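Here is a friendly walk through one protein chain, from its helices to its core and its loops. Keep the viewer open as you read.

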Amino acid sequence: MTGGRGDPGLLDRMVADCLGWLDAARPHFCLPANATTDADPNLTLKPLGELAELTHLIGQLHPIGDIRQVARDLFAFAWEQTRDGELFAELIRGEPYATYPMELYGAFAQAGLRHEGVEELLATTSRLRGWRVAREDHTRTLGVLNAERRIGLVPHADFDAEFARTGLGLLPEPWVLDRKAAYGVTHDVFHLTEWGRARERLSPESAGYLRLWLPAWLENWLEEELWDLVGELLAVSACLPDAPCDPAAWQRLAGAQRADGAVPETGAAPCPDDPAGVFMACYHSTLVTAFAGTLARTAPEAPAPGTTGATARRAPSVRCESEALP
């Protein structure tokens, strides 16, 4: 890896093309009438929640006004799909022990989009003994704790203690990192740094571990053409002190981006005659690419060769005030 932000023109073009495809794919993000009952949330609520989380950040941080506006429009569309938050009230009433309604709602609450009924319900359900049962893994618990903080609830556990039990917190042997564990490590970084808004929260030990092993991990999944994980690893690299950048990796990811702006999760996208299949195969990796490109564009410049001192070692955080959208 080399220091710096990479090629701004390439990054801006990739982000703009990703958002153009996502904007055209709005019909596929629309929630069905049975979203709170029989529909598979992984096919309905999850895509919409990821759209909200990442377009909110892009709309805050990207330096290009036109790109910010497209992202903000998509974020506003996602809020409209929740019927201004009423969807979350229905989800919580139906599944009082579930944490995903809070996690999804937290992205909107952070932006100042609130629903009084949802917050009254969460104030009750988050105190239930059954709700506090440990999540499937500690990384997921970090996401729940962040949602509690965003909403203004008392955290049900200590964030630092939970982070210490995650894959990144334990600094696992890097040569046995499989695909699932790699996704866990990237999300440990995203939850710790508030999706790149507070990059200084990475400890020197964690940052040093990632700086040492990211090049090998990137090369491995570039060879496998797992573009979704490549994008997440590039987003992690943009969160590290001195903003390390791998221009070759960005060029290879750009080469995987289709002419219409979509980035397939792995290999090449399905036949365009199957729009629903193309959407499911591309929406997350396309969002991740736009997210990673935004973090890379807003990363601090690397210090000049030979620079020493705290300023050279630590990257300042990127902080933006929450803003409510019309």
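## The start of helix H1

At the start of H1, a side-chain oxygen of Asp7 comes to within 3.0 Å of the backbone nitrogen of Gly9. Please keep in mind that this is a predicted model.

Helix H1 covers residues 8-24, and its end C-alpha atoms are 24 Å apart, which agrees with the 24 Å that 17 residues should span at 1.5 Å a residue. Its buried residues are Leu10, Leu11, Asp12, Met14, Val15, Cys18, Leu19, Trp21 and Leu22. What lies over them? The cover includes helix H2 (26-29), H3, helix H4 (65-81), helix H13 (247-256) and helix H14 (275-298).

## The chain as a whole

Stepping back, the chain has 15 helices and two strands. Of its 326 residues, 53% are buried. Among contacts with a separation of 6 or more, 75% join residues 24 or more positions apart.

H12 (227-239) is a helix to look at next to H1. With 13 residues, H12 reaches 19 Å from its first C-alpha to its last, close to the 18 Å expected at 1.5 Å a residue. H12 is mostly covered, with 13 of its 13 residues buried.

## The nonpolar core

The largest nonpolar core holds 99 residues, and those touching the most other members are Leu19, Trp21, Phe29, Leu210, Trp221 and Trp250. Helix H14 gives the most to this core, with ten residues.

Take Leu210 as an example from that list. Setting aside residues up to four places away in sequence, Leu210 touches Leu168, Val185, Val189, Leu202, Pro215, Trp217, Val236 and Leu240.

## Rings and a charge

How many aromatic pairs are there? The count comes to twelve. In one of them, the ring centres of Phe29 and Phe279 are 4.8 Å apart and the planes stand at 90°, so the pair is edge-to-face. Phe29 lies in helix H2 and Phe279 in helix H14, so this pair ties together parts that are 250 residues apart in sequence. Both Phe29 and Phe279 are buried.

Elsewhere, Phe75, Trp79, Phe88, Tyr105 and Phe108 form one aromatic cluster. A charge also meets a ring: Arg201 lies over the face of Phe159, at 5.0 Å from the ring centre.

## Two neighbours in H3

Helix H3 runs over residues 45-61 and contains His56. Thr55 has its place in H3 too. Leaving out neighbours within four places in sequence, Thr55 is in contact with Ala71, Leu74, Phe75 and Leu287. On the same terms, His56 is in contact with Phe75, Ala107, Gln110, Ala111 and Arg197. Phe75 thus appears in both lists, and Phe75 is also part of the aromatic cluster described above.

Is His56 buried or exposed? At 5% relative accessibility, His56 counts as buried. Thr55 is buried as well, with a relative accessible area of 0%.

## Val144 and two loop residues

Val144 sits in helix H8 (residues 138-151). The C-alpha atoms of Val144 and Leu104 are separated by 9.7 Å, and these residues are 40 residues apart along the chain.

Most residues other than glycine have a negative phi. Where should you look for positive values in this model? Glu194 has a phi near 55°, a positive value in a residue other than glycine. The place of Glu194 is in the loop between helix H10 (179-192) and helix H11 (204-223). Glu225 also has a positive phi, of about 55°, although it is not a glycine. The loop that holds Glu225 is the one between H11 and H12.

These two loop residues can be set beside the buried ones in the table below, which lists relative accessibility.

| Residue | Relative accessibility | Class |
|---|---|---|
| Thr55 | 0% | buried |
| His56 | 5% | buried |
| Val144 | 0% | buried |
| Glu194 | 9% | buried |
| Glu225 | 38% | partly exposed |

For Glu225, the class follows because partly exposed means between 20% and 50% relative accessible area, and its value is 38%.

Definitions and conventions
Residues numbered from 1 in each chain as written. Predicted model: local features only at pLDDT ≥ 70, side-chain atom pairs only at ≥ 80, totals over all residues. Heavy atoms only, no water. Helix = DSSP H or I, 4+ residues; strand = E, 2+ residues; numbered from the N terminus. Buried < 20%, exposed > 50% of the residue type's maximum accessible area, 1.4 Å probe, protein only. Contact = heavy atoms within 4.5 Å. Expected span 1.5 Å × (residues − 1). Polar contact = N/O pair within 3.5 Å; in protein donor to acceptor, adjacent residues only side chain to side chain. Core = buried A, V, L, I, M, F, W, Y, C linked by side-chain atoms within 4.5 Å. Phe/Tyr/Trp six-rings, centres within 6.5 Å; stacked < 30°, edge-to-face > 60°. Lys NZ or Arg CZ within 6 Å of the ring centre and 35° of its normal.
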